[in-house]
Amino acid sequence: MKYGGYAGKILRVDLSSNRISTEKVSDEMAELYLGGNGFAAKILFDEVPAGTDPLGENNKLLFFTGPVTGTNMPVCGSRLVVVTKSPLNNRFLDSYAGGEFAAYMKYAGFDGIVIEGKASEPVYLWIDDDTVEIRKADTLWGKKTYETQNELRKMAGDRDIATACIGPAGEKLARIACILTGVHAAGRGGVGAVMGSKNLKAIAVRGTKGVEVADLEAFRLFSREIRGRISANAGTGTGLPTFGTAAVVEVNNKLGMLGTNNYQKEEFEHADLIGGKYLKENCFVANDACFGCSIACAKVNKAREGKYQNYLTVGPEYETLFSLGSNCGISSIDAIIAGDRLCDEYGIDTISGGSVISMAMECSEKGLLDPDSADGLDLSFGNHEAMVELVRKIGEREGIGWIMGEGTVRFAEHLGKGADKFAIHVKGLEVPAHSARGLPGMAIGYATSNRGGTHQDGRPTAERAGIVDPATTEGKGTYEVQVQRMTTFMDSMVMCRMLEGIFGPVGLTEDHARLVKVVTGMDLSIGNLKDIADRIYILERATNIREGENRSSDTLPWRFMNEPIPSGPSKGKYIPENVLNMMLDETYEERGWDKKTGLPLRETLERLKLVDLVQEIHEQK
Ligand code: SF4
């Protein structure tokens, strides 16, 4: 192909027939969808029809890189996107991980891997440049993720490989199971269960090829400039390298926006015991970084004492300090470290795992779940031993852990008696650690995300920093579309979100266009990038529209729309239905979608060269 940055090839592996093939990436595909999530969204839409069982043979699992992957552009070279139809909510799903797997995939010569079908017995995929083999994984099946990856390295004769695998939770089809690559997780939406449903335990990849960018001199210049801007930036250049994302605990608690006790409150009296400063002073062991990243925001931490003292983890990240910490009312950092490590070992998404545990705690508090039905556990908020035990039970799918591994929506259906009010999810995906009630832009971001409750489509950054007024609701629909255009672009280049601090957190900029130019050679305006982002976002939404999605799907958890934050600096804030509706109208207006139905308008589809979707989308009316 004529553009730089791409390997130019996609690997296709059919596990039912053992057929392995490759296909070329066309220039037109790059021009329309850029790469990464854009390519994968297009393939998923074309090849996985509505009604497909996410855990059945006909679902597909796609591992993709972007044009910038494998280069040494700061904070850009490492990310992997995994795309599939989610078994948690039957929707389009993209989930991301750092580490080195994506760079190695590119070095082996592949922009993406499409996994199809289902193996008749446990297998793993071995990729060594052009050699691709489906190998037996009977000795790996049943093992946890760290051991699996260590075994794979031994089996590879200690050669330099990167690995991605599932743990017992994925093997046992827990719908909140993740994929672990090294110590990094593609966590959301049950990608691990899809991998398990295909009897695919792992992928090991070794690559020796490079990546050619379009304009090496311009690439070097821009790369040097970004490095300088990172060093000069207090947050990205100093805060993140020192404390990692854990520092957000103190920031959000001070704002009264730290989910506590299943989001019943948003201030946690023991926040100082689970924040970045406390971790740094008491548990810090070493820094860790994704492939080629100078920021090294990952922190290796060790539990200090008592029954958890042998646990070492890379993390916990901010999301996990919330999900296994404040949102379960837990102040024992040692227990959170243990819970984080166990989630990684079993292959459980820490956000969804923590959310279903905090929901169980609230249901116990409200009398909807008695100790007998909870395997005899005392599920009081703050009981860290119960939290750690529930992580184990979810991983083993044992006792109450079986239904909890299905996520909050199915857990609520199982409990009945109005438990759905305590399931904090959007479109079936559990909500992470950024306040919807305190940040209206974040709220509309959650509501209109194609995958559901994620902080990676809507973003909290600009409102939290006061760059955009967090007290205003008007204009937030339009604002959040700008943010989502930026995140969709980043996910198709497949870049780390931490670059927000350098390129800006609100929308697409000349920096984004310059990055595309030096890497691929495509000379695109900001307007061109917006069109690409809108095209991809509509394609994701169209995947969901085929499954019945419409305006009524773009909503928030009951609690966020009906219960104001009860105390603290953000006391009284919430998102009543009329405010959500006003922000939805703005969003649809900005996107060119029908305000009544939430479906993209015919002229919008035509403008974005999506004419083939006209029939499909408008048939659903
Ligand atoms: S900033 Fe952190 S998450 Fe992003 S690439 Fe660097 S180490 Fe990985």
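Q: Which residues line the second largest cavity?
A: In this predicted model, the lining of the second largest cavity consists of Leu44, Val48, Lys85, Asn90, Arg91, Phe92, Thr543, Asn544 and Glu547.

Q: And where does the second largest cavity lie with respect to the domains?
A: The second largest cavity lies between domain 1 (9–206) and domain 3 (434–618), because both give residues to its lining.

Q: How much space is in there, and how does the lining divide by residue class?
A: The second largest cavity holds about 40 Å³ of space. Its lining divides into three nonpolar, three polar and three charged residues.

Q: How many cavities of 30 Å³ or more are there?
A: The count comes to three. The largest of them has about 90 Å³ of space, and 15 residues line it.

Q: Which of those residues are closest to the centre of the largest cavity?
A: Phe243, Ala246, Leu279, Lys299 and Asn301 are the closest to its centre.

Q: Which element gives the most to that lining?
A: Helix 10 does, with three residues in the lining of the largest cavity. Helix 8 (234–243), helix 10 (276–282) and strand 14 (298–302) each supply at least two.

Q: What is the residue make-up of the lining of the largest cavity?
A: Six residues of that lining are nonpolar, six are polar and three are charged.

Q: Turning to the ligand, what surrounds it?
A: The shell around the ligand is made up of Val75, Ser78, Ala289, Cys290, Cys293, Ile295, Cys297, Cys496 and Met498.

Q: How many residues of that shell are charged?
A: None is charged; the shell around the ligand has eight nonpolar residues and one polar residue.

Key
Residues numbered from 1 in each chain as written. Predicted model: local features only at pLDDT ≥ 70, side-chain atom pairs only at ≥ 80, totals over all residues. Heavy atoms only, no water. Near = heavy atom within 4 Å. Nonpolar A, V, L, I, M, F, W, Y, C, P; charged D, E, K, R; others polar. 1 Å grid on protein atoms, 1.4 Å probe; cavity = no way out; pocket = protein on both sides within 12 Å on 5 of 7 lines; lining within 4 Å. Points joined across faces, edges and corners; volume = space filled by probe spheres on them. Helix = DSSP H or I, 4+ residues; strand = E, 2+ residues; numbered from the N terminus. Domains from an automatic or database assignment.
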